Amino acid sequence: MDQLIELFKTKDINANKDLVQKKISSLRGAYRKESNKVKASMKSGAGTDEVHTPKLWYYDMLSFLAD
């Protein structure tokens with residue numbers, strides 16, 4: 001966590017543990033929301049070209065959260 005805080009301080013000098021935890025939570029929530037949309041579109045019986053395509057540019061990078 002300390003390494004993340006130091007890295008984030010390069011962007012925001014006032015970064016602290018609470019802010020970094022909120023950012024992580026926000027990213028996880030956005031990923032979860034998009035993932036649920038993809039799963040719901042697959043369950044609806046939609047064709048392969050009608051499956052929801054995530055709009056988040058970092059969606060694939062957070063795929064490790066799917067476990």
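Me: Which helix supplies the largest share of the lining of the largest pocket?
Reply: Start with the helices, which are DSSP runs (H or I, at least four residues) numbered from the N terminus. A pocket is an open set of points on a 1 Å grid over the protein atoms alone, where a 1.4 Å probe fits, with protein on both sides within 12 Å along at least five of seven lines; its lining residues have an atom within 4 Å of a point. For the largest pocket, H1 (2-8) and H2 (17-43) each bring in at least two lining residues. Five residues, the largest share, come from H2.

Me: What kind of model is this?
Reply: Residues are numbered from 1 along each chain as its sequence is written, and side-chain values use heavy atoms, leaving out hydrogens and water. Local features need pLDDT of at least 70, side-chain atom pairs count only at pLDDT 80 or more, and totals for chains, interfaces and linings use all residues, since what you're looking at is a predicted model.

Me: How many nonpolar residues are in the lining of the largest pocket?
Reply: Go through the lining: Leu4, Leu7, Phe8, Thr10, Lys11, Val20, Lys23, Ile24, Ser26 and Leu27. Now sort by class: Ala, Val, Leu, Ile, Met, Phe, Trp, Tyr, Cys and Pro are nonpolar, Asp, Glu, Lys and Arg are charged, and the others, Gly among them, are polar. Two lining residues turn out polar and two charged, while the nonpolar count is six.

Me: Which residue does lysine 37 meet in a salt bridge?
Reply: The structure holds one salt bridge (a side-chain nitrogen of Lys or Arg within 4 Å of a carboxyl oxygen of Asp or Glu). Side chains of opposite charge can pair when their charged atoms come close. Here the N to O distance is 3.7 Å, and the partner of lysine 37 is glutamate 34.

Me: How many helical turns, about, separate lysine 37 and glutamate 34?
Reply: Lysine 37 is found in helix H2. Because glutamate 34 and lysine 37 sit three residues apart in H2, the separation is about one helical turn.

Me: Is glutamate 34 buried or exposed?
Reply: Here's the scale: buried means under 20% relative accessible area, exposed means over 50%, and partly exposed is in between (1.4 Å probe, protein chains only). Its salt-bridge partner, lysine 37, has 40%, so lysine 37 is partly exposed. Glutamate 34 has 9% relative accessibility, so glutamate 34 counts as buried.

Me: How far apart are the C-alpha atoms of lysine 37 and valine 51?
Reply: Lysine 37 belongs to helix H2. Along the chain, valine 51 is 14 residues away from lysine 37, and their C-alpha atoms are separated by 9.0 Å.

Me: How far apart in space are threonine 53 and serine 41?
Reply: Serine 41 lies in helix H2, and its relative accessible area is 12%, so serine 41 is buried. Threonine 53 is out in the segment after H2, where 57% relative accessibility makes threonine 53 exposed. The two are twelve residues apart in sequence, and in space, C-alpha to C-alpha, the gap is 9.5 Å.

Me: Is methionine 1 buried, exposed or partly exposed?
Reply: Look at the segment before H1, because that's where you'll find methionine 1. Its relative accessibility is 41%, so methionine 1 counts as partly exposed.

Me: How far apart in space are isoleucine 5 and tyrosine 59?
Reply: Isoleucine 5 is part of helix H1. With a relative accessible area of 11%, isoleucine 5 is buried. Tyrosine 59 is 54 residues away in sequence, and the C-alpha to C-alpha distance from isoleucine 5 is 22 Å.
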